[in-house]
Amino acid sequence: MAVGTGSYDGGYSFEGELLLIHLDSGDVVSTSQYPREVLGVEWHSQTELRLVLAPCDDWENPQAHEQGHVVVVARSDWRAVKPRAIGAQELAAPAEPFVRPDHSAEARQILTDLAASAGRQWSVHRRAG
């Protein structure tokens, strides 16, 4: 399973990562060499993963909150991807307009259902500050 994470840090950076979760073992691999908010993840095939990434920062880009960088990353075997294996060059793409969807309600429902199927209860955990 591929999972994109991230958020705006409130200063100028968009931080996050692309995680690969091996459902059979529970192992998690953080694939990116550098923090980068992942706004969208979609499998195109067994070997291609389409990502929409936030800009690295909004330092001199007032449009950063309305832009995304679309890339397709290919691997012959995603199960063999090592930590930090995806570098900045592979994630480089021109910025284009992007409306950030809000999937939070859908994600909460999926997580609630998954937890219930395992006889557990899921709840939101906030970052410790």
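## Salt bridges, cores and a patch: worked exercises

Arg50 is partly exposed, at 26% relative accessible area (buried means under 20%, exposed over 50%, partly exposed in between, using a 1.4 Å probe and protein chains only). Keep in mind that this is a predicted model, where local features need pLDDT of at least 70 and side-chain atom pairs count only at pLDDT 80 or more, while totals for chains, interfaces and linings use all residues. Residues are numbered from 1 along each chain as its sequence is written, and side-chain values use heavy atoms, with hydrogens and water left out.

**Exercise 1. Find the salt-bridge partner of Arg50 and say how accessible that partner is.**

Step 1: fix the criterion. A salt bridge needs a side-chain nitrogen of Lys or Arg within 4 Å of a carboxyl oxygen of Asp or Glu.

Step 2: apply it. Arg50 pairs with Glu42, and their closest N and O atoms are 3.9 Å apart.

Step 3: check the partner. Glu42 has a relative accessible area of 41%, so call it partly exposed.

**Exercise 2. How many salt bridges does the structure hold, and which parts of the chain does Glu37–Arg100 link?**

Step 1: the count for the structure is 4.

Step 2: look at Glu37 and Arg100, whose closest N and O atoms lie 3.4 Å apart. This pair links distant parts of the chain, 63 residues apart: Glu37 sits in the loop between strand E5 (28-30) and E6, and Arg100 in the loop between E9 and helix H1 (104-117). The labels are DSSP runs numbered from the N terminus, with helices (H or I) of at least four residues and strands (E) of at least two.

Step 3: compare the cover on each end. Glu37 is buried at 8%, while Arg100 is partly exposed at 28%.

**Exercise 3. Describe the surroundings of Arg75, beginning with its salt bridge.**

Step 1: the side chains of Arg75 and Glu90 meet in a salt bridge, 2.6 Å from N to O. The two residues are 15 apart in the chain, and each lies in the loop between E8 and E9.

Step 2: Arg75 counts as buried because its relative accessible area is 19%. Glu90 is partly exposed at 30%.

Step 3: list the contacts (heavy atoms within 4.5 Å). Neighbours within four places in sequence aside, Arg75 touches Gln46, Thr47, Val81, Ala85, Ile86 and Glu90.

Step 4: add another arginine from this stretch. Arg84, in the loop between E8 and strand E9 (95-97), has a positive phi of about 60° despite not being a glycine. Its relative accessibility of 45% makes Arg84 partly exposed.

**Exercise 4. Which residues touch the most other members of the largest nonpolar core, and which elements give two or more residues to it?**

Step 1: set the rule. A nonpolar core is a set of buried Ala, Val, Leu, Ile, Met, Phe, Trp, Tyr and Cys residues joined through side-chain atoms within 4.5 Å.

Step 2: this core has 14 residues, and Leu18, Leu51, Val73, Trp78 and Leu91 touch the most other members. Two or more residues come from each of strand E4 (18-21), strand E7 (48-53) and strand E8 (67-74). E7 makes the largest contribution, 3 residues.

Step 3: zoom in on Leu18. Beyond four places in sequence, its contacts include Val29, Val38, Val41, Leu49, Leu51 and Ile86. There's also a second, separate core of 5 residues, with Leu39, Val52, Ala54 and Ala64 among them.

**Exercise 5. In which sense do E6 and E7 pair, and over how many bridges?**

Step 1: two strands pair if DSSP finds at least two bridges between them.

Step 2: strand E6 (residues 38-43) runs antiparallel to E7, with 5 bridges. Val41, for instance, has Leu51 in E7 as its bridge partner.

Step 3: the connection is a hairpin of 4 residues from E6 to E7.

**Exercise 6. Which residues make the nonpolar surface patch of about 360 Å²?**

Step 1: patches use residues with over 30% relative accessible area and no salt bridge, joining like charges within 9 Å and nonpolar side chains (Val, Leu, Ile, Met, Phe, Trp, Tyr) within 5 Å. Areas come from the Shrake-Rupley method with a 1.4 Å probe, and for residues only the protein chains shown count as cover.

Step 2: the patch is made by Tyr8, Tyr12 and Trp59.

Step 3: place one of them. Tyr12 lies in the loop between strand E2 (7-8) and strand E3 (14-15), and is partly exposed at 40%.
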